[in-house]
Number of protein chains: 2
Amino acid sequence: MSEEEEGQPEGARARRPRADSLRNRERLLAAARALFADGGPDASLEAVARRAGFGIGTLYRHFPTREALFLAVYQREADELVALAERLRDHEDPLDALRLWLRASVGMVATKKGMLAVLAPAAGAADALYADTRPRLIDALGALLRRAVDMGRARDDVGPEDVLRALYGFCHMGGEAHWRASALRLLNVFVDGLRPAAP
Amino acid sequence: MSEEEEGQPEGARARRPRADSLRNRERLLAAARALFADGGPDASLEAVARRAGFGIGTLYRHFPTREALFLAVYQREADELVALAERLRDHEDPLDALRLWLRASVGMVATKKGMLAVLAPAAGAADALYADTRPRLIDALGALLRRAVDMGRARDDVGPEDVLRALYGFCHMGGEAHWRASALRLLNVFVDGLRPAAP
DNA sequence: TGATAAGCGGAGGCATCCTCCGTATGTTTC
DNA sequence: GAAACATACGGAGGATGCCTCCGCTTATCA
């Protein structure tokens with residue numbers, strides 16, 4: 001009775017996952033990220049498996065749906081952005097730190113763009129994803145921004161939400177092939193604009 | 001030399017398209033609209049052909065790519081909205097006319113939502129589409145709005161661009177299954193809000 | 001009422017999706 | 001360290017979709 005609770009009792013009696021399995025999951029994730037990034041969200045799942053060096057069956061066991069794979073990739077990228085923000089806290093020039101972080105973020109938006117289209121049908125999945133991730137990103141960005149403001153290197157009339165919105169806006173402009181380069185240029189201009197107005 | 005100009009000379013020597021062909025194109029378009037509307041933009045093209053009662057080859061001759069089909073459907077819907085606005089010019093209650101038009105527009109956004117994702121890769125196609133369609137919609141909406149303002153039934157501090165933006169905003173909220181119903185509710189509230197403030 | 005250009009159908013080649021199960025390999029226990 | 005067991009892997013295979021190609025049908029024009 002107390003032996004078969006929902007997803008293991010307390011000090012559960014479940015074997016820990018096999019080490020190779022974890023390694024493999026990691027390799028699949030890396031391959032997926034690479035392919036989604038430049039092949040778009042319609043990249044073939046078989047191609048992902050092949051690139052990672054596995055059979056298609058393996059991919060499907062780890063990620064039973066395309067959506068599950070997307071979610072995992074996106075979460076992972078968000079984690080890394082949060083970690084990056086952490087590291088950048090000690091960067092000499094706080095405005096430069098902000099710039100670096102935003103540039104890194106462009107990559108994540110590249111993933112997310114495709115995801116929105118793919119996740120939409122699965123009502124709720126996208127929301128759950130956002131609800132979890134967005135505040136963490138706002139926090140991370142907010143810390144970088146606040147530091148820049150406190151050190152007198154950035155104006156204080158924009159919040160992290162505004163910056164994030166601007167970032168997405170830059171990335172969504174048109175369907176151009178070079179949107180990425182364009183977004184990075186715009187970002188540069190924007191960060192320059194964040195400098196406090198010379199009195 | 002003057003015989004083979006770009007797309008026929010003047011009083012060109014081209015047979016007019018076969019009557020059945022035009023009819024069939026129409027049926028294909030109707031089927032496509034229906035399937036895209038509730039099946040999303042990934043609806044199978046074979047399903048479209050089947051629903052229209054044709055072989056797949058016929059669909060491909062009329063619309064050589066999925067994108068071409070989308071464009072045709074979207075243009076058509078825009079045409080109808082413009083025509084609808086025309087008809088509503090004489091509607092008794094101008095604010096009600098506006099409401100009716102906006103409700104009809106929700107249907108079109110349903111199509112466009114999917115299109116954005118699909119057209120994005122084909123750099124420029126989406127832009128060309130917008131460049132052509134948007135101003136016509138703004139005009140149509142502008143006429144309805146102006147009339148309501150002139151007759152003292154609507155406040156005068158919002159333009160057609162604002163209303164259109166609001167409309168899109170309502171439709172893009174979340175990935176919910178019931179977004180359509182939700183959008184219609186929000187629209188109602190919005191139009192009520194357009195009434196001039198009671199003095 | 002032919003002659004002929006235009007349109008139609010759908011088989012077929014190729015790609016992808018996803019499932020299923022026999023084989024292989026980590027993990028645990030003694 | 002070896003047997004026993006639970007897990008993970010591979011990839012064939014059936015289903016579906018994309019798109020092309022070409023022989024047959026039909027509307028139009030003289």
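**Figure 1. Ser105(A) is a buried residue of the predicted model.** The relative accessibility of Ser105(A) is 3%, and because buried means under 20%, this residue counts as buried. Ser105(A) is placed in helix H5 of chain A. When residues up to four places away in sequence are not counted, Ser105(A) touches Leu81(A) and Leu167(A).

**Figure 2. Leu167(A) and its contacts are shown in close-up.** Neighbours within four places in sequence are left aside here; Leu167(A) is then in contact with Leu102(A), Ser105(A), Val106(A), Val109(A) and Leu187(A). The contact between Ser105(A) and Leu167(A) thus appears in this view as well as in the view of Ser105(A).

**Figure 3. The largest nonpolar core contains 34 residues.** Within this core, the residues that touch the most other members are Leu98(A), Trp101(A), Leu102(A), Leu144(A) and Leu167(A). At least two core residues are supplied by each of five helices of chain A: H4 (66–88), H5 (94–119), H6 (125–150), H7 (160–172) and H8 (179–194). H5(A) provides the largest share, namely eight residues. Separate from this core is a second one of 33 residues, with Leu81(B), Leu84(B), Ala148(B) and Tyr168(B) included in it.

**Figure 4. Chain A is drawn with eight helices and zero strands.** Along the sequence, the pattern of chain A reads α-α-α-α-α-α-α-α. Chain A has 199 residues, of which 38% are buried. Among the contacts in chain A between residues at least 6 apart in sequence, 70% join residues at least 24 apart.

**Figure 5. Helices H1 and H4 of chain A cross at roughly 90°.** The axes of H1(A), residues 19–39, and H4(A) come within 10 Å. H1(A) is therefore roughly perpendicular to H4(A). On the side of H1(A), the contact involves Arg25(A), Glu26(A), Leu29(A), Ala32(A), Arg33(A) and Phe36(A). These residues meet Arg66(A), Leu69(A), Phe70(A), Ala72(A), Val73(A), Arg76(A), Glu77(A) and Glu80(A) of H4(A). By class, the contact of H1(A) with H4(A) comprises seven nonpolar, no polar and seven charged residues.

**Figure 6. Helices H1 and H4 of chain B also meet, with axes that cross at roughly 90°.** H1(B) spans residues 19–39 and H4(B) spans residues 66–88, and their axes come within 10 Å. The two helices are therefore roughly perpendicular to each other. Among the residues of H1(B) in this contact are Leu29(B), Ala32(B) and Phe36(B), while those of H4(B) include Leu69(B), Phe70(B) and Val73(B). Charged residues take part too, including Arg25(B) and Glu26(B) in H1(B) and Arg76(B) and Glu77(B) in H4(B). The contact of H1(B) with H4(B) has seven nonpolar and seven charged residues, and no polar ones.

**Figure 7. Residues 44–63 of chain A carry an annotation from UniProt.** In an unreviewed entry, UniProt lists this stretch as "DNA-binding region". In the model, residues 44–63 of chain A are 75% helix and 0% strand. The C-alpha atoms at the two ends of the stretch are 14 Å apart.

**Figure 8. Asp150(A) is an exposed residue in helix H6 of chain A.** Asp150(A) has 61% relative accessibility and counts as exposed because this value is over 50%. Along the chain, Asp150(A) and Pro94(A) are 56 residues apart, yet their C-alpha atoms are separated by 9.6 Å.

How values were computed. Residues are numbered from 1 along each chain as its sequence is written. Chains are lettered from A and ligands numbered from 1 in the order in which they are written. This is a predicted model: local features need pLDDT of at least 70, side-chain atom pairs count only at pLDDT 80 or more; totals for chains, interfaces and linings use all residues. Side-chain values use heavy atoms; hydrogens and water are left out. A nonpolar core is a set of buried Ala, Val, Leu, Ile, Met, Phe, Trp, Tyr and Cys residues joined through side-chain atoms within 4.5 Å. Buried means under 20% relative accessible area, exposed over 50%, partly exposed in between (1.4 Å probe, protein chains only). Helices (H or I, at least four residues) and strands (E, at least two) are DSSP runs, numbered from the N terminus. Contact means heavy atoms within 4.5 Å. Axes are lines fitted to C-alpha atoms, for helices over the stretch in contact, and angles run from 0 to 180 degrees between N-to-C directions. Angles under 35 degrees count as roughly parallel, over 145 as roughly antiparallel, 65 to 115 as roughly perpendicular and the rest as oblique. UniProt positions are given in the numbering used here, feature names are shortened, and annotations may be inferred rather than shown by experiment.
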